[in-house]
Amino acid sequence: MNNSILSYSYASNEIKGYQTSEIAKNEKNDCFVRAVAAATGSHYDAAHSYVKEKFGRKKGKGTELVALHMMDLEEKGMNIGGKDFAVKVLPTQKITNSYKLYGEIVKRKKTVKSFIKDNPKGTFIVGVSKHAFTIKDGQLIDNAGEEFRPTRKVESVFKVTPKVENVQLSLF
């Protein structure tokens, strides 16, 4: 299998403060926390606190009902470490491919590799079965040991964009 399309980076190297965080050292099942930290460029501890507060995540447990919470954040936005982010829940047609099979059009979930190919720019938190990671401008940012799994089916995707404040310039 050719994995050349995938540019890969370890979350532990990309996330600010991850290597020195006492919280991270005593945590497990924190893939969504890592995904949020990598997508927003925030410190691991700030992302951990945010996910605990906004998503009701319990220590050592995975994050549940992510899509539901993200839909709520689509209206409100996210604020992590003093930075504001817009959240867009990608619709089903953006995470499925259509195929013609025996004369009928069928829709199937995109693979991670297919999603990256179709979305080379932007920052996304991607959910696959019981796991989450970040894709940033075509680069997969995930945990060690997850590198060679480009055929996982995409369950949900959330585009994360920094909010830029409108600044009015005055000439006089």
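## Overall fold

Buried means under 20% relative accessible area, exposed over 50%, and partly exposed in between, with a 1.4 Å probe and protein chains only. By that rule, 44% of the 172 residues of the protein count as buried. This is a predicted model: local features need pLDDT of at least 70, side-chain atom pairs count only at pLDDT 80 or more, and totals for chains, interfaces and linings use all residues. Residues are numbered from 1 along each chain as its sequence is written, and side-chain values use heavy atoms, with hydrogens and water left out.

The protein has 6 helices and 9 strands. These are DSSP runs numbered from the N terminus (helices H or I, at least four residues; strands E, at least two). The C-alpha trace spans about 60 × 50 × 30 Å along its principal axes. The radius of gyration is 17 Å, which agrees with the value near 16 Å for a compact globule of 172 residues. That radius is taken over C-alpha atoms, and the globule rule is 2.2 Å times the number of residues to the power 0.38. Contact means heavy atoms within 4.5 Å. Of the contacts with a separation of 6 or more, 60% join residues 24 or more positions apart.

## Helix α3

α3 (31-40) is mostly covered, with 10 of its 10 residues buried. Among them are Cys31, Phe32, Arg34 and Thr40. Gly41 comes just after α3 and takes a positive phi of about 70°.

## The cavity

Rolling a probe the size of a water molecule over the atoms shows where empty space is left. On a 1 Å grid over the protein atoms alone, a cavity is a set of points where a 1.4 Å probe fits but cannot get out; a pocket is an open set with protein on both sides within 12 Å along at least five of seven lines; lining residues have an atom within 4 Å of a point. Grid points are joined across faces, edges and corners, and a volume is the space filled by probe spheres set on the points.

The whole structure holds 1 cavity of 30 Å³ or more. The largest cavity has a volume of about 40 Å³. Two or more lining residues come from each of α3, β7 (131-136) and β8 (139-142). The lining includes Cys31, Arg34, His131, Asp142 and Asn143. It divides into 7 nonpolar, 3 polar and 2 charged residues. Here Ala, Val, Leu, Ile, Met, Phe, Trp, Tyr, Cys and Pro count as nonpolar, Asp, Glu, Lys and Arg as charged, and the others, Gly among them, as polar.

## The pocket

The largest pocket offers about 290 Å³ of space. Its lining has 18 residues, and Thr63, Val66, Val128, Lys130 and His131 lie nearest its centre. α3, α5 (66-76), β6 (123-128), β7 and β9 (156-162) each give two or more residues. β6 gives the most, with 3. By class, the lining has 9 nonpolar, 6 polar and 3 charged residues.

## Two buried loop residues

Asn143 lies in the loop between β8 and β9. Asn143 is buried, at 16% relative accessible area. Its side chain makes a polar contact with the side chain of Arg34 at 2.8 Å. Such a contact is a pair of N or O atoms within 3.5 Å; within protein, one must be able to donate a hydrogen and the other to accept it, and residues adjacent in sequence count only if both atoms are side-chain atoms. Leaving aside neighbours within four places in sequence, Asn143 also touches Tyr8, Tyr10, Ala11, Cys31 and His131, among others.

Thr111 lies in the loop between β5 (104-109) and α6 (112-118). At 18% relative accessibility, Thr111 counts as buried. Not counting residues up to four places away in sequence, Thr111 touches Pro150, Thr151, Arg152, Lys153 and Val154.
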